[in-house]
Amino acid sequence: MKFTMNHKVFMILFLCGIPSLFAQQGGSNYSMFGIGDIRQSMGGFYDGLGGTQYAVPSYHAVNLANPAMWAESKLTRLQIGFRFTQTAIEQDQLSASQNFGKIDGIAATFQVDTSMGLTISGGIHPFSVVQYSVMTPVTPGVIGIPDLAGGSMNFGSGGISAAFIGSSWRPVEGISLGFAAMRLFGNVNRVIRTELYTQPFISQNVKTDRFFGSGIKLGASFQPFKGFTLGMGAGLFSDLEYESDIRQSTATSSSVAFDTVFMQSGITTLPAQLGLGISYSTGRWMFAGDVEMQDFSNLAIAQGKSAFKTGRKISFGVSRLRSYQLGTDYIDKMQLNVGGGWHQLYYSVNGIDIEEVFGSVGMQLPIAGSAMIDIALQGGKRGSSDLVQEMFLRFGFSVSAGEVWFRPFIRE
């Protein structure tokens, strides 16, 4: 099946990177802009709460947004996560679907002294994810020559990873502090491939960006009375350095010509992350909410037709807490989570703000010993019907296991 559009529209889509038609492999096509989709959580527990975590304590899940919450850990634990995304994409009565999955990080907490909240944590997780695939089949009409059927494929993958190590501490009862040092690194591969079907012609542009940076995470939590927690977290980053390799090639029926490989490097600002949260627990229920923001106005990479701005997110979560009493039924040992939120992404495209609304459900399933499985499902909508609209399902899964490594010692 072939689609047509005029030559001017084709060139705008090709040069500016506006999604049109879609291939089967990929995630959100909006991840082509900037450094991709920013990740602030790992595994299924916090995803089930809509990503709400700044003031949400957990004895088993590693909190990436507020390291002060590590003080709530009771055991030394190892956690690994996986995430799968299915996306249905629509534009101008055309539709397609695409999906991908990847490891969502691995982290550990080492509980040194529970009475002081002294915990050491470290791991590696995705900081940003780039995964898109855009197909634009066209028949450009050029006056004076026959129509040339062709198409353009624009796809990318990769992202930035964060390795971290840090600690939490409870200096006085009701107040916890935390920090983590981070090293950012990763590759993003972007390919633009143009092919004419009626004549043997292929042109391909391959670009690989390698990123390097560092930063720190700071966190604090305050519990003025039992069950009520205020939390805050901040990420401060150095400039993000990048090195790029660009290779252009052209192939016809009679020859293959490779252009010189271009190499370039640069520096771009990576803005601070700021977040606040609140939670309240009563009986078997917990209610929580977060607000966070990050100003990308000075980001200078992979801009295309986008304009960078401040990203904002508001989320909430509600939990039916599990019972720890011996002899209770298994269903009472499960924790059930629901949540949702609104996310204004850190860019606009053609002057249109890109927003996301979503809801979530999740479960915490205890297994043998202190091992725990967390599963979560998020569903929602991203983008605008005036540009491209994406309906998505995100499945998060994580498993953790723990044991006592350090026993409290008697203090005089």
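How many bridges join S13 to strand S14, and do the two run parallel or antiparallel? In this predicted model, 10 bridges link S13 to S14, and the strands are antiparallel. S14 spans residues 285–295, while S13 covers 273–282. Within this pairing, Gln 273 lies opposite Gln 294 of S14. The two strands form a hairpin with two residues between them. Gly 283 sits in the turn and has a positive phi of about 60°.

S14 also pairs with strand S16, residues 310–320. Here 11 bridges join the strands, again in an antiparallel arrangement. Glu 292 stands opposite Lys 313 in S16. S14 is thus bridged both to S13 and to S16. In a regular strand, side chains alternate between the two faces of the sheet.

S13 contributes to the largest pocket as well. That pocket holds about 920 Å³ of space. Its lining comprises 29 residues. Closest to the centre are Pro 57, Glu 72, Gln 223, Ser 281 and Leu 321. Three elements each supply two or more lining residues: strand S7 (175–196), strand S8 (201–225) and strand S13 (273–282). The largest share, three residues, comes from S8.

The composition of the lining is mixed. Polar residues number 13, nonpolar residues nine and charged residues seven. Among the residues closest to the pocket centre are Glu 72 and Leu 321.

Definitions and conventions: Residues numbered from 1 in each chain as written. Predicted model: local features only at pLDDT ≥ 70, side-chain atom pairs only at ≥ 80, totals over all residues. Heavy atoms only, no water. 1 Å grid on protein atoms, 1.4 Å probe; cavity = no way out; pocket = protein on both sides within 12 Å on 5 of 7 lines; lining within 4 Å. Points joined across faces, edges and corners; volume = space filled by probe spheres on them. Helix = DSSP H or I, 4+ residues; strand = E, 2+ residues; numbered from the N terminus. Nonpolar A, V, L, I, M, F, W, Y, C, P; charged D, E, K, R; others polar. Pairing = 2+ DSSP bridges.
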